[in-house]
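Biologist: Please take one part of this model and look at it closely. I want the side-chain surroundings spelled out, residue by residue.

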Amino acid sequence: FQKVLDKDPGYHDALLGLGTAHLEAGRYKEADKTLSDYLDENPNSATGHLNLFKVYLAQNEQELAWQEIQTAVLLDPNRLDVLRQLFFLFLEADRQEEGMDWIDQLIEEVPTSFGPLLVKAWGLNEAGDWEGAEAALKQALLRDPQNEDVLLFYTAELGRQGKLQELIDLVLAQPEPRSISLIINLALAYSRTGHLDAAEKVLKDYLERTDLTLEDQQKVRALLSEMEKAD
């Protein structure tokens, strides 16, 4: 990164990379200066603010860290790693109610964003409020009907709770082509409800797609082989 900057001081991506490298190496003063310089030129970079947050957090500069993580969230409300990090901070500080209020405010302020609703669902589910979590997930799908992050969390939790018909209905309501994760969840739900033929058909139909990666083919074939042995 430094060699690139020596040749082209205006190449801002290299400046971000250098600041991140300083952060990973524990050189926090250098990371602070480099990332601050980057953000002077790129104030709307959620990644830049997130990395500067990590710098401040590592140095126990809590107020500055809070400012940076909140700025990062506001710049990219659908970036789940940033949202989760912010919510974890509220939890670690024993400020759960304040954290949920902050997320609710973000939900209202960014009416097209699914991210805050997914994090709200995660938080409510962790607190044992599945009804509230499911309401948040349904609202997230209204905003982004085919969002895979929302669908995977929703179907995984339905499976964990044994609500297999609801899981099946949810996946079948999604348009083709469906992701491999949803296909696997659907096949497992069919299998667990005793419909092995339907489960095998889902997997065989998926294998007929021409756009599959070798890794996806191997995953599906392995699961199909297990089901055929159990049939």
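Modeller: Start with A199. Leaving out residues up to four places away in sequence, A199 touches A187, Y190, S191 and M227. This is a predicted model, so read each contact as computed. A199 is found in helix α13, residues 196-207. A199 counts as buried because its relative accessibility is 0%, and the cut-off is under 20%. W130 is another matter: 69 residues separate A199 from W130 in sequence, and their C-alpha atoms are 27 Å apart.

Now the stretch around helix α4. S45 sits in the loop between α3 (28-41) and α4. S45 has a relative accessibility of 12%, so S45 counts as buried. The side chain of S45 has two polar partners to note. One is the side chain of Y38, in a polar contact of 3.5 Å. The other is the backbone nitrogen of G48, 2.9 Å from a polar atom of the S45 side chain. Beyond four places in sequence, S45 is in contact with Y38, L39 and L75.

Next, H49. H49 belongs to helix α4, residues 46-58. H49 is buried because its relative accessible area is 10%, under the 20% limit. A polar atom of the H49 side chain lies 2.9 Å from the backbone oxygen of P43. Setting aside neighbours within four places, H49 contacts L39, P43, E68, T71, A72 and L75. L39 and L75 thus appear among the contacts of H49 and among those of S45.

That leads to helix α5, residues 62-75. Helix α5 has 14 residues and reaches 20 Å from first C-alpha to last, close to the 20 Å expected at 1.5 Å a residue. Its buried residues are A65, W66, E68, I69, A72 and V73. An α-helix has 3.6 residues a turn, so residues three or four places apart point the same way. The buried residues of α5 pack against α3, α4, α6 (80-92) and α7 (96-109). H49 shows part of the α4 side of this: its contacts include E68 and A72, and E68 and A72 are among the buried residues of α5.

Note on methods. Residues numbered from 1 in each chain as written. Predicted model: local features only at pLDDT ≥ 70, side-chain atom pairs only at ≥ 80, totals over all residues. Heavy atoms only, no water. Helix = DSSP H or I, 4+ residues; strand = E, 2+ residues; numbered from the N terminus. Buried < 20%, exposed > 50% of the residue type's maximum accessible area, 1.4 Å probe, protein only. Contact = heavy atoms within 4.5 Å. Polar contact = N/O pair within 3.5 Å; in protein donor to acceptor, adjacent residues only side chain to side chain. Expected span 1.5 Å × (residues − 1).
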